[in-house]
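Grab a viewer and work through these exercises one at a time. Try each task before you read its solution.

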Amino acid sequence: MSGGRPRFSVVVASYNSAATLERCLVSLEEQLDPSDEVIVADCSDQDPRTQFTRQFPKVRFLRFEQRLTIPQLRRQAVKFSSGEILLLTEGRMVPSKVWAASLGEAHTTHPKAPAVGGPIDHNRSSAFDDAVFFCEYGWHLPPTGDGEAAELSGANLSYKRWALDLCRDLLESSAWEPFWHRRLEQHGHRLRRAGQALVWYHNSLTAGQFFRQRFHYGRWFAA
């Protein structure tokens, strides 16, 4: 904590994954300092506040009735964040016990690195779940090791506060993280990966939801 500011602000983008969201918040509660903050931005069909407000009284829940994209959820949550380092994940992810510490250590070791991410693994429960995982996160399957990274996933990612300032217009326009990373690289910065900062993915999408999601994401990128 520096000057009253928490070291970490964790932003969790959440949509229709209540069971995994609970495990995610339990993991964060066990590894973060009391001064750190957790902000959940949610647009699920069911309001998670009715289930989790008592269980996680320190977590700030931002509830949106309209369907928002992951970048739109992040943008809303970042507005309320104040930590020196912003940690990003999703309600479908369960961080490992050393997740925050590993990302924080990498930021300390590499003070000029604007962003640090980590690997993503999954429980191999069905062929469909495997397909969903590899479609979106296959490039981030461990072991990834440490070092410079060509790309990082927004489901397991962290930024120094000054890096957000370089991408403020992209954040405000709800751009996806690859556009942030191109901006940072244009300023001469390099992304890094922390191999121990693992999160576990748990699929909560049906086949219909998955294909609709891919369709809308494709239209957004094309636009």
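**Exercise 1. A salt bridge within one helix**

Is Glu 185 buried, partly exposed or exposed, and what is its relative accessible area?

*Solution.* Before we start, a word on the ground rules: this is a predicted model, where local features need pLDDT of at least 70, side-chain atom pairs count only at pLDDT 80 or more, and totals for chains, interfaces and linings use all residues. Residues are numbered from 1 along each chain as its sequence is written, and side-chain values use heavy atoms, with hydrogens and water left out.

Step 1: take the cut-offs, with buried meaning under 20% relative accessible area, exposed over 50% and partly exposed in between (1.4 Å probe, protein chains only). Glu 185 has a relative accessible area of 28%, so partly exposed is the label.

Step 2: look for a partner. Glu 185 and Arg 182 form a salt bridge, N to O at 3.0 Å; the term stands for a side-chain nitrogen of Lys or Arg within 4 Å of a carboxyl oxygen of Asp or Glu.

Step 3: place the pair. Both residues sit in helix H8 (residues 177-186), three residues apart, or about one turn of the helix. Helices (H or I, at least four residues) and strands (E, at least two) are DSSP runs, numbered from the N terminus. Arg 182 is partly exposed too, at 32%.

**Exercise 2. A salt bridge across the sequence**

Find which parts of the chain the Glu 136 and Arg 92 pair ties together.

*Solution.* Step 1: check the distance, which is 4.0 Å from N to O. 

Step 2: locate both ends. Glu 136 belongs to helix H5 (residues 127-137) and Arg 92 to the loop between strand E4 (85-90) and E5, so the contact ties together parts 44 residues apart in sequence.

Step 3: compare the surroundings. Arg 92 is buried at 8%, whereas Glu 136 is partly exposed at 23%.

Step 4: zoom out. The total comes to 12 salt bridges. Another of them joins Arg 168 to Asp 165, with the closest N and O atoms 3.1 Å apart; Arg 168 is partly exposed at 30%, and Asp 165 is partly exposed at 49%.

**Exercise 3. Cysteines**

How many disulfides does the rule find?

*Solution.* Step 1: apply the rule, a pair of cysteine sulfur atoms within 2.5 Å. The count is zero.

Step 2: check Cys 43. Its closest cysteine sulfur, in Cys 24, is 15 Å away, too far for a bond. Cys 43 is buried, at 2% relative accessibility.

Step 3: check Cys 135. The nearest cysteine sulfur is that of Cys 43, 19 Å away, and Cys 135 is in no disulfide. Cys 135 is partly exposed, at 45%.

**Exercise 4. Aromatic rings**

Classify the geometry of the Phe 133 and Tyr 201 pair.

*Solution.* Step 1: recall the criteria. Rings of Phe, Tyr and Trp (its six-membered ring) pair if their centres lie within 6.5 Å; planes under 30 degrees apart count as stacked, over 60 as edge-to-face and the rest as tilted. The whole structure has six aromatic pairs.

Step 2: use the numbers. The centres are 5.9 Å apart and the planes stand at 40 degrees, so this pair is tilted.

Step 3: place the rings. Phe 133 is in helix H5 and Tyr 201 in strand E11, 68 residues apart, so to speak distant parts of the chain. Both are buried, and together with Phe 134 and Tyr 137 they form one aromatic cluster.

**Exercise 5. Strands and sheets**

What is the strand order in the open sheet that contains E11?

*Solution.* Step 1: the order is E5-E11-E7, with mixed pairing; two strands pair if DSSP finds at least two bridges between them.

Step 2: find the edges. Strands E5 (93-95) and E7 (120-122) each have a single partner strand, so one side of each lacks a neighbour in the sheet.

Step 3: inspect E7 with E11 (residues 199-201). They pair in the parallel sense over three bridges, and Asp 121 has Trp 200 as its bridge partner in E11.

Step 4: turn to strand E2 (residues 37-42), where six of six residues are buried. E2 pairs in the parallel sense with strand E1 (residues 8-14) over six bridges, and with strand E3 (residues 60-63), also parallel, over four.
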